[in-house]
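Here are a few exercises to work through with the structure open beside you. Try each task before you read its solution.

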Amino acid sequence: SLFGDQPQNELVLRVQPNEAIYYRMLAKTPGLSSRAHEVRRTDLDLDLRKLEVGRLPEAYEKLIHDVIQGEGHNFVRADE
């Protein structure tokens, strides 16, 4: 590898029952004094269970709720 023996970038999409999306990537160390090959692992994490947002809907529960409420933004129109 160009940066030596470094771990690979990693994109993880986890589905039920523990849904999460996270991206582990190598990023250049910030600052003017760092060299181009100085990188560190950085995580971009979207795990809603860590946010304490309350109860999360099940797989199709939100879609069924949108149908009942008349919300059509998640569905294809008849003319498409």
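**Exercise 1.** Work out how exposed Lys62 is, and find the residue that its side chain meets in a salt bridge.

*Solution.* Start with Lys62: its relative accessibility is 44%, so it counts as partly exposed. The scale behind that word runs like this: buried is under 20% relative accessible area, exposed is over 50%, and partly exposed is in between, with a 1.4 Å probe and protein chains only. Areas are calculated by the Shrake-Rupley method with that 1.4 Å probe, and for residues only the protein chains shown count as cover.

Next, look for the partner. The side chain of Lys62 forms a salt bridge with that of Asp66, at 3.0 Å from N to O. A salt bridge here is a side-chain nitrogen of Lys or Arg within 4 Å of a carboxyl oxygen of Asp or Glu. Asp66 is buried, with a relative accessible area of 3%.

Finally, place the pair. Lys62 and Asp66 are four residues apart in helix α1 (residues 61-69), so about one helical turn separates them.

A word on the ground rules: this is a predicted model, where local features need pLDDT of at least 70 and side-chain atom pairs count only at pLDDT 80 or more, while totals for chains, interfaces and linings use all residues. Residues are numbered from 1 along each chain as its sequence is written, and side-chain values use heavy atoms, leaving out hydrogens and water.

**Exercise 2.** Write down the order of helices and strands along the protein chain.

*Solution.* Count the pieces: there are one helix and three strands. Now read along the sequence, and you get β-β-β-α. Helices (H or I, at least four residues) and strands (E, at least two) are DSSP runs, numbered from the N terminus.

**Exercise 3.** How many salt bridges does a search of the whole structure find, and which residues do they join into one network?

*Solution.* The search turns up four salt bridges. One of them pairs Glu10 with Arg41, at 3.8 Å from N to O. Glu10 sits in strand β1 (residues 10-14) and Arg41 in strand β3 (residues 39-46), so this pair ties together parts 31 residues apart in sequence. Both ends are partly exposed: Glu10 has 31% relative accessibility, and Arg41 has a relative accessible area of 39%.

Another one links Arg24 and Asp43, at 3.7 Å from N to O. Arg24 belongs to strand β2 (residues 20-28) and Asp43 to strand β3, so the parts tied together are 19 residues apart in sequence. Arg24 is partly exposed at 28%, and Asp43 is partly exposed too, at 49%.

Last step: salt bridges with shared partners join Glu10, Arg24, Arg41 and Asp43 into one network.

**Exercise 4.** Find what Gln6 is in contact with, leaving aside its neighbours within four places in sequence.

*Solution.* Begin with the location: Gln6 is in the segment before β1. With 27% relative accessibility, Gln6 counts as partly exposed. Set those neighbours aside, and Gln6 is in contact with Leu26 and Val39, where contact means heavy atoms within 4.5 Å. To check the spacing, take the C-alpha atoms of Gln6 and Val39: they are 8.8 Å apart, although these positions lie 33 residues apart in chain numbering terms.

**Exercise 5.** What share of the protein chain's 80 residues counts as buried?

*Solution.* The share is 9% of the 80 residues. For the outside, the protein chain exposes about 7,200 Å², and carbon and sulfur atoms supply 56% of that area.
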